[in-house]
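Here's a quick briefing to read alongside the model. Have the sequence and the 3D view open, and we'll go from the overall fold down to a few local spots.

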Amino acid sequence: MEERVDLAKVKKLYDDLPCMWPEWDLWFTYTHKYLCGYLDREIPPLDIRDTTKILNAGSDGNTYGIGGEHYHVDICWKNIAHLEHALEASIEEMPYTDNSFDGCICMGSVINYCDAKKALFELARVIKPGGFFIFDYDQSGSLEYIFTRAFRKDAVIVDANNSGYADRAWAYLPRYIRSILRAAGFATLNTEYFHILSALINDENRAAAFAKYDAILKYIPLIRKCSCNVILTCRKL
């Protein structure tokens with residue numbers, strides 16, 4: 001990928017935002033609730049203990065209620081500076097040694113601000129064999145892009161609105177992400193799609209009202225693949 005997202009602008013955006021998940025923004029409130037619900041289902045079978053080392057990639061200081069020993073990595077320092085294990089860095093390149101972590105969570109479409117290939121290979125490098133990896137991303141097959149140049153592109157930079165702020169990030173096609181995961185040595189155990197019908201509404205707060213239909217639409221194969229968001233559970237082989 002020759003284009004790049006300007007990480008300095010991304011850092012400024014999130015430094016300016018009061019928090020990663022603003023309660024007044026119904027889109028992000030629903031997204032946060034959905035991700036937490038997904039983690040509540042996926043995490044218990046993993047038998048996480050106090051000594052489980054978890055790489056929390058792009059955390060903004062959030063643990064999502066998950067136990068274990070969290071190592072917070074973010075390009076925005078202000079919300080992780082007070083934490084015991086905190087590193088200001090891009091997840092495309094980290095100073096950790098190979099096979100350092102028992103697992104990784106990467107929530108809030110962090111991958112979309114990165115070169116997906118670089119980020120996923122770097123995360124694979126630092127996760128132990130057998131370790132878990134749970135992440136979500138915004139995809140280019142979304143209904144919001146259906147009549148644009150971005151629709152179903154493997155990787156494309158798109159402009160968007162983020163709680164009233166101008167935002168620029170990558171959108172990725174699921175088959176492209178799956179191909180990188182396989183090459184990086186990950187097996188995909190579970191995939192879910194959300195923000196399906198709501199992706200058509202060009203207003204975050206109004207769109208959130210349509211998210212309730214995800215509970216039905218995510219079970220319809222052709223329709224769910226047009227969601228805005230995808231979340232996956234993977235395991236490093």
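What follows covers the overall build, one helix and its surroundings, and two loop residues.

This is a predicted model. The protein chain comes with seven helices and nine strands. Its radius of gyration is 17 Å, close to the 18 Å that the globule rule gives for 237 residues, so the chain is as compact as a globular protein of that length.

**Overall build**
- Along the principal axes, the C-alpha atoms of the protein chain fit a box of roughly 45 × 35 × 35 Å.
- Of the 237 residues in the protein chain, 53% are buried.
- Take the contacts in the protein chain with a separation of 6 or more: 69% of them link residues 24 or more positions apart.

**Surface and charge**
- The protein chain exposes about 11300 Å², and 54% of that comes from carbon and sulfur atoms.
- There are 27 positive and 32 negative charges in the protein chain, and their mean positions sit 7 Å apart.

**Helix α4, inside and out**
- Which residues of α4 are buried? In this helix, spanning residues 174–184, they are P174, Y176, I177, I180, L181 and A184.
- These buried residues cover an arc of only 160° around the axis, which puts them on the same side of α4.
- Flip to the other side of α4 and you'll find R182 and A183 exposed.
- What covers the buried residues of α4? The cover includes one helix, α3 (116–126), along with the strands β5 (127–138), β6 (155–162), β7 (165–172), β8 (186–194) and β9 (229–236).
- Right after α4 comes G185, with a positive phi near 95°.

**Two loop residues with positive phi**
- D47 isn't a glycine, yet it has a positive phi of about 55°.
- You'll find D47 in the loop between α2 (26–42) and β1 (53–57).
- Is D47 buried or partly exposed? Its relative accessibility is 45%, so D47 counts as partly exposed.
- Y64 is another residue other than glycine with a positive phi, this one near 60°.
- Look for Y64 in the loop between β1 and β2 (69–74).
- With a relative accessibility of 10%, Y64 counts as buried, because the cut-off for that is under 20%.

Conventions
Residues are numbered from 1 along each chain as its sequence is written. This is a predicted model: local features need pLDDT of at least 70, side-chain atom pairs count only at pLDDT 80 or more; totals for chains, interfaces and linings use all residues. Side-chain values use heavy atoms; hydrogens and water are left out. Helices (H or I, at least four residues) and strands (E, at least two) are DSSP runs, numbered from the N terminus. The radius of gyration is taken over C-alpha atoms; the globule rule is 2.2 Å times the number of residues to the power 0.38. Buried means under 20% relative accessible area, exposed over 50%, partly exposed in between (1.4 Å probe, protein chains only). Contact means heavy atoms within 4.5 Å. Accessible areas come from the Shrake-Rupley method with a 1.4 Å probe; for residues, only the protein chains shown count as cover. Lys and Arg count as positive and Asp and Glu as negative; His and the chain ends are not counted. The place of a charge is taken as NZ of Lys, CZ of Arg, CG of Asp or CD of Glu. The arc is that of the directions from the helix axis to the C-beta atoms.
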